[in-house]
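Here is a friendly walk through one model, from its spans and salt bridges to its loops and rings. Have the structure open as you read.

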Amino acid sequence: MAKDSEAGGFAAKDYHDPPPAPLIDVEEFTQWSFYRAIIAEFIATLLFLYVTVLTVIGYSSQSDVDHGGHICGGVGILGIAWAFGGMIFVLVYCTAGISGGHINPAVTFGLFLARKVSLVRAVLYMVAQCVGAICGCALVKSFQKGLYNRYGGGANSLAEGYSTGTGLAAEIIGTFVLVYTVFSATDPKRSARDSHIPVLAPLPIGFAVFMVHLATIPITGTGINPARSFGAAVVFNHSKPWNDHWIFWVGPFIGALIAAFYHQFILRAGAVKALGSFRSTHSV
């Protein structure tokens, strides 16, 4: 029998934590939904890189005074941030019901640490995301090769005047903001508790990406997504992005790890629950 408690005129739903995903789920290989999810991650990341890298190159071209542009031309940093955040909003909305709408190896890594996805799914998602990012950047280069090469292909690298530590910290904190938002927006316990408050999960996730880009574009060009940085580096293939490339894997993965720990073990009291379960099991 359901136990609904009235709070402020609204009924709070019963809630039970979903079981953790198995480390290796062999049955996934027999399900079409598994392969459909991988395809969805590939296509979503391809579209994400295609639109966003085109936006970056378009702004660079329109604001280049040495090649007929205007210093105030183009969409500006604000427009670039909107392009990244807006595309994440759109693509997460489209793919959330199919693959979960990760579109980012750091998000996948964080969800794997929280036992939301299996190891097999996490690895194949990351592969699909990286390949999709390469294809998205290659598509941009095939359409605008001259502009692509002239303006850096949207590749991430550490800006002049910033230390490696500053760039790494920017990526860690930025990814923490994103992955923490993902956990909060998709928390099933929150959905059950605040069922009277409609939450469109892609919206805060997209806004998180937008806000982080405003803060860190001047420092690293904003990675917070290893697939995005990897795809651009592969297709542009110059030494500067490759020299700095480790920052855009290490930083986001550390940020995702901290966000997963904070949400699962601090906010959701996972450590306290585990300790309580241990004590009750070993009590006489």
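## Getting oriented

Helices here are DSSP runs of H or I with at least four residues, numbered from the N terminus. With that in mind, histidine 238 can be placed in the loop between α9 (226-236) and α10 (239-243). Please keep in mind that this is a predicted model.

## Spans from the record

The unreviewed UniProt entry places the feature "transmembrane region" at residues 34-59, 71-98, 118-140, 199-219 and 246-267. Two of these spans can be described from the coordinates. Residues 34-59 are 100% helix and 0% strand, and the C-alpha atoms at the ends of this span are 38 Å apart. Residues 118-140 are 96% helix and 0% strand, with 33 Å between the end C-alpha atoms.

## Salt bridges

How many salt bridges does a search of the whole structure find? There are 2. One joins arginine 121 to glutamate 28, with the closest N and O atoms 2.9 Å apart. Arginine 121 sits in helix α4 (residues 119-143) while glutamate 28 is in the loop between β2 (10-12) and α1 (32-62), so this pair ties together parts that are 93 residues apart in sequence. Are these two partners buried or exposed? Both arginine 121 and glutamate 28 are buried.

Lysine 240 and aspartate 244 also meet through their side chains in a salt bridge, at 2.9 Å from N to O. Lysine 240 counts as partly exposed because its relative accessibility is 40%, a value in between the limits of 20% and 50%. Aspartate 244 has a relative accessibility of 10% and therefore counts as buried.

## Histidine 238 and its surroundings

Back to the loop between α9 and α10, where histidine 238 is found. Histidine 238 has a relative accessible area of 40%, so this residue is partly exposed. Its side chain reaches the backbone oxygen of phenylalanine 236 at 2.8 Å. Histidine 238 and asparagine 149 are 89 residues apart along the chain, and their C-alpha atoms are separated by 9.7 Å.

## The end of α8 and the loop after it

Threonine 216 lies in helix α8 (residues 202-220). With a relative accessible area of 7%, threonine 216 is buried. Leaving out residues up to four places away in sequence, threonine 216 touches Ala170, Gly221 and Thr222.

That last contact leads to the loop between α8 and α9, where threonine 222 has its place. Most residues other than glycine have a negative phi. Which value does phi of threonine 222 take? It is near 65°, a positive value in a residue other than glycine. Isoleucine 224, which lies in the loop between α8 and α9, is not a glycine and has a positive phi of about 50°. As for accessibility, threonine 222 is at 0% and so counts as buried. Isoleucine 224 is buried as well, with a relative accessible area of 2%.

## Aromatic rings

The structure holds 16 aromatic pairs. In one of them, phenylalanine 48 and phenylalanine 84 have ring centres 5.6 Å apart and planes at 80°, so the pair is edge-to-face; planes over 60 degrees apart count as such. This pair links distant parts of the chain, with phenylalanine 48 in helix α1 and phenylalanine 84 in helix α2 (residues 76-95), 36 residues apart. Phenylalanine 48 and phenylalanine 84 are both buried.

Now to phenylalanine 230 and tryptophan 242: their ring centres are 6.3 Å apart and their planes are at 75°, so this pair is edge-to-face too. Phenylalanine 230 belongs to helix α9 and tryptophan 242 to helix α10, so the pair ties together parts that are 12 residues apart in sequence. Phenylalanine 230 is partly exposed, with a relative accessible area of 23%. Tryptophan 242 is partly exposed, with a relative accessible area of 34%. Which aromatic cluster includes Phe230 and Trp242? One aromatic cluster is formed by Phe109, Phe230, Trp242, Trp249 and Phe253.

Notes:
Residues are numbered from 1 along each chain as its sequence is written. This is a predicted model: local features need pLDDT of at least 70, side-chain atom pairs count only at pLDDT 80 or more; totals for chains, interfaces and linings use all residues. Side-chain values use heavy atoms; hydrogens and water are left out. Helices (H or I, at least four residues) and strands (E, at least two) are DSSP runs, numbered from the N terminus. Buried means under 20% relative accessible area, exposed over 50%, partly exposed in between (1.4 Å probe, protein chains only). Contact means heavy atoms within 4.5 Å. A salt bridge is a side-chain nitrogen of Lys or Arg within 4 Å of a carboxyl oxygen of Asp or Glu. A polar contact is a pair of N or O atoms within 3.5 Å; within protein, one must be able to donate a hydrogen and the other to accept it, and residues adjacent in sequence count only if both atoms are side-chain atoms. Rings of Phe, Tyr and Trp (its six-membered ring) pair if their centres lie within 6.5 Å; planes under 30 degrees apart count as stacked, over 60 as edge-to-face and the rest as tilted. UniProt positions are given in the numbering used here, feature names are shortened, and annotations may be inferred rather than shown by experiment.
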